[in-house]
Amino acid sequence: MTDTEPTTERSRGAGVWPAIHTQRAALAADLEELTDEQWATPSLCAGLTVREVLAHLTAGASLNTVRWLAGVIRCRFDFDKQVAVRLAEQLGADPAETLARFRHIVPSTTKPPLPAVAMLGETLVHGEDIRRPLGIRHAHPIDVVTRVAEYYQGSDMVVVAKKRVAGLRLAANDGTFTTGSGPVVSGPTLALVMAMTGRAAYCDDLEGDGVERGRCGTD
């Protein structure tokens, strides 16, 4: 963690970082045998390939608050440009280098000015952005996915999630996560997380009167 990170944030994040590191290591292992064609597969993150999403995750784990702010200023507060610039920095010369760079940050606790649970959410969601188009299935610990669901249902900080699920009752059928009131949307906790962060493909895994595929559109 950065030296400037408040003690309260440091203590809250202490229990989250092991989960982040485990999620990163599992993703790296899942991608070891990809072909060049698979690396070029469009991800669920609009406009980005599998390889580019992995580079984006590497970039996020390589930026402390000072470097993030310097980049934002350099990009004149164009946050999309900042993301693109940092992604390009971490892409490497070929897929092997992209994966090697990601492996290097697996144990990192460096982060932009976001809570640690947001980094867990980024790792889980972008990991599935990569896995689903490739047909890779990963069994996430239900407590980890539930923690991410609880974060996103109350936040629009990184992606629009809270607004997307307003007026709906979300109910996991594989864990304890429930939130909201209104027409019901039920299904696996992971599908609820992915749908509330704008991944329309996961609406197919949900059911109930509140399922509206249009709400799953990308931000």
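Which helix is largely enclosed by the rest of the structure, and how many of its residues are buried? Keep that in mind while taking in the whole chain, and remember throughout that this is a predicted model.

**The whole chain**

Begin with the protein chain coloured by confidence: pLDDT averages 87, and 82% of the residues score at least 70. Then select residues 1-11, where pLDDT stays under 50 and for which the model has 14 contacts beyond four places in sequence. Switching to a cartoon view brings up 10 helices and three strands, and, read from the N terminus, these elements follow the order α-α-α-α-α-α-α-α-α-β-β-β-α. With a surface displayed, the accessible area of the chain is about 10,400 Å², 54% of which belongs to carbon and sulfur atoms. Of the 219 residues, 47% count as buried. If you draw the contacts between residues at least 6 apart in sequence, 63% of them join residues that are at least 24 apart.

**Helix 4**

Now select residues 50-60, which make up helix 4. Helix 4 is the answer to the opening question: 10 of its 11 residues are buried, so the rest of the structure largely encloses it. The buried residues are Val50, Arg51, Val53, Leu54, Ala55, His56, Leu57, Thr58, Ala59 and Gly60.

Within helix 4, centre the view on Thr58, which counts as buried because its relative accessibility is 1%. Beyond its neighbours within four places in sequence, Thr58 is in contact with Gln90, Arg101, Phe102 and Ile105. Of these, Gln90 is worth a distance label: its C-alpha atom is separated from that of Thr58 by 6.5 Å, although the two residues are 32 apart along the chain.

Next, move to His56, also in helix 4. Is His56 buried or exposed? At 19% relative accessibility, His56 counts as buried, since the cut-off for that class is under 20%. Leaving out residues up to four places away in sequence, His56 touches Val83, Leu87, Glu122 and His126.

**The three-stranded sheet**

Select the three strands together, and an open sheet appears with the order 2-1-3 and mixed pairing. Strand 2 and strand 3 are its edge strands, each pairing on one side only. Start on the parallel side, where four bridges join strand 1 (residues 169-172) to strand 3 (residues 184-187). To follow this pairing residue by residue, show Arg169 with its bridge partner Val184, and then Leu170 with its bridge partner Val185.

On the other side of strand 1, the pairing with strand 2 (residues 178-179) is antiparallel and consists of two bridges. Here the residue to pick is Ala171, whose bridge partner in strand 2 is Thr178. Tracing the backbone between these two strands, you pass through five residues, and the strands together form a hairpin.

**Helix 10**

Add residues 189-196, which form helix 10; this helix lies across strand 1 and strand 3, and runs at about 145° to strand 1. Helix 10 is mostly covered, with eight of its eight residues buried: Thr189, Leu190, Ala191, Leu192, Val193, Met194, Ala195 and Met196. To see what provides the cover, display helix 8 (116-134), helix 9 (142-152), strand 1 and strand 3, which are included among the covering elements. After the helix, stop at Gly198, where phi is positive, near 95°.

**The nonpolar cores**

Which residues have the most contacts inside the largest nonpolar core? Select Leu124, Tyr152, Leu170 and Val193, which hold that place in a core of 34 residues. The elements that give two or more residues to this core are helix 2 (17-30), helix 8, helix 9, strand 1 and helix 10. Apart from this core lies another, of 17 residues, which includes Ala28, Leu54, Leu99 and Ile136.

As a last stop, return to Tyr152 and show its surroundings, not counting residues up to four places away in sequence: Tyr152 touches Ala118, Gly121, Glu122, Val125, Val159, Ala161, Lys162, Val193, Met196 and Thr197. Among these contacts, Val193 and Met196 are buried residues of helix 10, and Glu122 is also touched by His56.

Conventions: Residues numbered from 1 in each chain as written. Predicted model: local features only at pLDDT ≥ 70, side-chain atom pairs only at ≥ 80, totals over all residues. Heavy atoms only, no water. pLDDT = per-residue confidence, 0-100. Contact = heavy atoms within 4.5 Å. Pairing = 2+ DSSP bridges. Buried < 20%, exposed > 50% of the residue type's maximum accessible area, 1.4 Å probe, protein only. Areas by Shrake-Rupley, 256 points an atom, 1.4 Å probe, with all protein chains shown as cover. Axes fitted to C-alpha atoms, helices over the stretch in contact; angles between N-to-C directions. Core = buried A, V, L, I, M, F, W, Y, C linked by side-chain atoms within 4.5 Å.
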